[in-house]
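Q: Hey, I've just opened this one and I'm new to it. Can you walk me through it?

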Amino acid sequence: MAPFRQDSYFIIYPSSQHALVQFGMREETLYPPQYKIPISVYKTINGKYTTEKEGNELVKPLLDGQIVDLDGFLFFLELVYKSYLAQRSRFGASPEVFDMELSNIPMLLVSHPSWTHFQVERITQLVFEQLQINNFMFLSSNLACSYALGSLQNCVVIDVHADSTDVTPIMDYIQLTHLSGKVKNGGDLINQELAHSLPQWSPDQIEDLKRSPVYEVLSEDAKNVSKLNFQNEEDDGAFDVAALVTSDRDTRELLEENEKGKESQQTTNSEQETNTFVDRDGQQVTVGKQRFKGCEKLISEISAVVGRVLVKIDDFHKLRAIWENIVVIGGTTEISGFKEALLQKLLEDHLIEEPIAEKTTREQDYYNQATNKKKAKALFSNNVDYVQIPTVIRLAKYPDYFPEWKKHGYSELPFLGAQIVAKQGFGHTNESFYITRERYDKKGPSSVWDVTF
Amino acid sequence: MSIVIHNGTHTTVAGFSQVDMPQLLCSSSYTKNANDELVFDTDEIIDGPETPVFTIMSPEGVPYDWEALEKQWQWIVETKLGAKLEETPLVVTVAPDITPEIKTQYSELALGRLKVPVFQMVSEPLAVSLSLGRNTALVIDIGAAKTTVTPIIEGTILSSAAIRSRFAGDFLDFQIHETLKKTIHGEEKEESSSSNPSFSAFCNSRTWIQEFKAYMLQVSPSRLQEMDSATVDMLGLNIPKNFLYQKRKTVSLTQKECCLITEGIFQPSVASSQFANEEGLSDIVSKVVKKAGAATTQNSSTSNVTSAEQIHTALLTNIIITGSSSLIAGLEQRIVNDLSYQFPQYKLSSFANPLVLDRKLQSWHGGVTMANLPSWDLGDWVSRKDLETTKTEENY
């Protein structure tokens with residue numbers, strides 16, 4: 001098989017609400033997806049799928065990544081593909097593109113682990129029989145994350161959807177579906193919580209607030225700072241000399257930093273009693289402290305499930321690596337401070353460290369026992385070592401070498417992974433990574449189980 | 001494409017046979033929710049309200065709640081795997097020593113009530129040994145409710161020589177709970193006063209006890225009371241290990257104390273004087289080897305004569321250690337050590353899957369291997385028609 005042209009790669013990632021779609025990739029660097037298409041189609045009274053809105057029933061084939069209406073989803077895939085072909089060939093006006101970039105299109109579809117075998121085979125069938133695509137591969141969204149982060153061998157992916165959240169561990173590049181966990185809530189829980197604190201607001205306004213830059217989750221530090229400011233103005237300029245002395249950094253450097261900090265503090269969101277954002281109707285809306293609330297419940301539910309999922313893994317070396325590579329994806333995670341707050345909660349809930357009460361008594365005892373001479377030293381008694389994991393919890397490090405993606409943010413990380421895999425899988429002479437027409441003709445839709453990336 | 005289900009006494013593993021990893025893990029116990037539906041999802045049970053937890057499998061590894069098993073299979077295949085029972089071949093792993101009546105009940109359930117087109121029952125130890133490419137093996141399976149030692153010669157299970165004991169994972173759970181009771185509940189009230197002992201036992205065994213087993217337990221290389229203090233020192237058994245109990249309390253035990261908890265598996269009398277040491281793990285293993293030797297020499301009096309020694313050699317060089325509870329550090333070494341005292345004249349070689357994850361799924365993987373045999377007639381498939389034929393034959 002001749003190698004494919006990179007400008008004909010077709011990548012599609014159906015996430016919770018939208019499908020991210022891209023045709024063709026550029027040589028140099030990877031760009032965020034071209035299209036973001038809402039996954040909704042319409043159904044006529046006769047049960048046929050259509051794009052006509054009038055008089056038809058709205059169907060959302062995907063619910064939190066799961067396929068709830070397979071036929072609707074198949075229709076959607078076909079629609080996306082054919083519309084692009086039509087647009088690219090200018091509705092048949094320039095047929096020469098079919099000899100060039102549209103001649104041999106390899107397709108990569110990012111899948112969700114909940115898709116059943118039947119659904120996967122049915123999609124394969126559609127791709128080969130209706131779309132007439134000759135080379136096709138599936139890639140699980142979780143594995144896509146692992147590839148996007150420079151092939152993370154061990155990690156755990158937290159995928160926050162609208163109504164639920166999936167937690168899936170990956171070990172040695174294998175997705176452990178059987179150990180995965182589900183949180184029964186997703187981003188919509190934030191809306192519900194906000195609706196409590198802002199009862200007079202409409203759901204749309206709340207959604208706009210959630211998506212606006214003024215909505216954020218404050219860290220403990222930021223909360224303290226903003227409280228001080230709210231209560232007593234004088235504190236603003238106070239400078240922590242003790243911190244300066246104890247840190248071993250250059251004094252001048254610290255002072256400069258402090259100055260800079262002060263300048264930016266004047267504008268930071270967390271410092272202000274109220275802030276404004278523009279809603280979908282173009283109206284300026286002012287909102288108070290409620291803009292920092294609403295994520296707590298979701299975060300603590302996620303943290304509990306992560307703990308329960310990871311405790312089932314008892315390969316300690318790998319478990320350690322997994323705890324140090326927490327990947328968070330989904331639109332909700334774009335909220336500034338969300339990831340950090342989640343990490344904070346994970347640390348609080350799961351980090352293995354000595355309970356404070358025990359630590360104080362132990363240190364007290366130790367101090368009392370020590371002779372006067374040693375007293376000074378005794379203050380720094382050793383920590384207690386535990387057999388358990390985790391002793392370190394970290395978020396996975398996002399790659400710096402995709403400038404366009406860096407600008408875009410990483411909540412759509414699986415798409416980046418899909419791009420990388422498409423480049424490697426389709427750019428290779430080895431055909432064992434994807435289903436070829438030849439394989440499909442031999443075995444039919446079940447050929448999908450013979451290939452893996 | 002067929003579905004493989006492994007019903008362990010603790011956990012059930014299920015998935016399709018054409019992929020390497022199972023799709024789901026659920027509990028082999030269940031609770032009833034408010035709508036009187038059965039709940040099998042482990043997390044859901046732990047989260048759920050405190051209600052009694054019922055088991056599906058007996059401590060012998062045989063289902064005794066057939067109705068719940070039917071619901072569980074239905075839930076696995078239709079709700080979780082999105083397949084249709086009437087269209088999908090089903091393979092289940094079964095204990096090696098089930099009676100013909102139980103076998104009929106299994107077929108009745110699968111082919112009769114659930115309308116599965118074709119069905120296969122795979123004997124666990126046989127599947128494990130064949131999937132590892134051995135047709136002769138001594139399979140030591142240490143699970144939750146039971147330990148089974150099964151000799152397999154040339155692809156045939158010597159059921160007369162197989163032995164089962166109850167000293168396994170659940171027994172350890174109990175030992176851990178007993179050992180730590182005082183430390184943990186020092187000043188607090190006993191938790192077992194809760195309304196549902198089965199529920200709290202279920203939760204404990206799947207949360208902190210599971211962690212304790214994985215991180216703290218270890219097995220001493222030989223009988224603990226026979227070691228002198230110098231050896232104990234040299235092995236570092238006096239070094240303490242710290243365990244954080246539910247983020248609240250530090251439990252500090254020396255390695256020796258950790259070994260003491262597991263010693264009950266090898267010498268049950270250590271745990272309680274009611275138990276006989278003959279049921280200890282190494283003892284039953286050597287008993288099985290001897291019995292297997294004796295059994296085959298009696299049978300094969302006619303054609304190909306195999307001596308007891310040959311059987312011993314064959315089994316002792318093919319020891320397979322599996323089951324989730326076999327993951328405790330040092331356990332494999334202890335079995336080999338003890339056996340080498342019993343059989344000083346033989347060479348021993350054992351195999352325990354080094355990948356933790358794989359060992360926990362070994363029985364399921366065995367089932368998958370059996371389901372994927374290249375030829376249809378290699379597997380032991382039964383169809384609905386076969387079942388009806390046997391029934392009519394019985395009636396005549």
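A: Sure. One term to begin with: two residues are in contact if their C-beta atoms, placed from the backbone, lie within 7 Å. Also keep in mind that this is a predicted model.

Q: Okay, so how many residues of chain B are in contact with chain A?

A: On the chain B side there are 29, and they meet 26 residues of chain A.

Q: Which elements of chain B give two or more residues to that side?

A: Strand E3 (24-27), helix H7 (208-215), strand E13 (240-245), strand E14 (249-254) and helix H14 (356-360) of chain B. By residue type, the side of chain B that touches chain A has 17 nonpolar, six polar and six charged residues.

Q: Switching to chain A: what's in there?

A: Chain A has 16 helices and 18 strands. It has 453 residues, and 34% of them count as buried. Looking at contacts in chain A between residues at least 6 apart in sequence, 65% join residues at least 24 apart.

Q: What's the strand order in the open sheet of six strands?

A: In chain A the order goes E3-E2-E1-E9-E10-E18, with mixed pairing. Strand E3 (35-38) and strand E18 (435-436) of chain A are the edge strands, each pairing on one side only.

Q: And how does E18(A) pair with strand E10 of chain A, parallel or antiparallel?

A: Antiparallel, over two bridges; strand E10 of chain A covers residues 135-140. A:Phe136 has A:Ile435 in E18(A) as its bridge partner.

Q: Which helix packs on that sheet?

A: Helix H2 (residues 117-130) of chain A, which touches strand E9 (106-111), E10 and E18 of chain A. The direction of helix H2 of chain A makes about 150 degrees with that of E10(A).

Q: What about helix H3 of chain A, how many of its residues are buried?

A: Eight of the eight, so helix H3 (residues 141-148) of chain A is largely enclosed by the rest of the structure. Among them are A:Leu143, A:Cys145 and A:Tyr147. Just after H3(A), A:Gly150 takes a positive phi of about 70 degrees.

Q: Which residues touch the most other members of the largest nonpolar core?

A: That core has 200 residues, and the ones touching the most other members are A:Val156, A:Ile158, A:Val327, A:Ala418 and B:Ile140. Helix H15 (residues 413-426) of chain A gives the largest share of this core, eight residues.

Q: Okay, and what does A:Val156 touch?

A: Leaving out residues up to four places away in sequence, the contacts of A:Val156 include A:Val167, A:Pro169, A:Leu310 and A:Val327.

Q: Back to chain B. What domains does it have?

A: The domain assignment gives domain 1 (3-131 + 361-395), domain 2 (147-166 + 279-359) and domain 3 (169-271) of chain B. Domain 1 and domain 2 of chain B have C-alpha centres 27 Å apart. Their contact takes twelve residues from domain 1 of chain B and 14 residues from domain 2 of chain B. On the domain 1 side, helix H4 (124-131) and helix H15 (362-371) of chain B each supply at least two residues. The largest share there, four residues, comes from H4(B).

Q: One last spot: where is B:Thr317, and is it buried or partly exposed?

A: B:Thr317 sits in the loop between helix H12 (308-316) and strand E15 (319-322) of chain B. B:Thr317 is partly exposed, with 17 other C-beta atoms within 10 Å; buried would take 20 or more. Not counting residues up to four places away in sequence, B:Thr317 touches B:Lys347, B:Leu348 and B:Ser349.

Technical notes
Residues are numbered from 1 along each chain as its sequence is written. Chains are lettered from A and ligands numbered from 1 in the order in which they are written. This is a predicted model: local features need pLDDT of at least 70, side-chain atom pairs count only at pLDDT 80 or more; totals for chains, interfaces and linings use all residues. Ala, Val, Leu, Ile, Met, Phe, Trp, Tyr, Cys and Pro count as nonpolar, Asp, Glu, Lys and Arg as charged, and the others, Gly among them, as polar. Two strands pair if DSSP finds at least two bridges between them. Axes are lines fitted to C-alpha atoms, for helices over the stretch in contact, and angles run from 0 to 180 degrees between N-to-C directions. A residue is buried if 20 or more other C-beta atoms lie within 10 Å of its own, exposed if 12 or fewer, and partly exposed in between; C-beta atoms are placed from the backbone. Domain bounds come from an automatic or database domain assignment. A nonpolar core is a set of buried Ala, Val, Leu, Ile, Met, Phe, Trp, Tyr and Cys residues joined through C-beta atoms within 7 Å.
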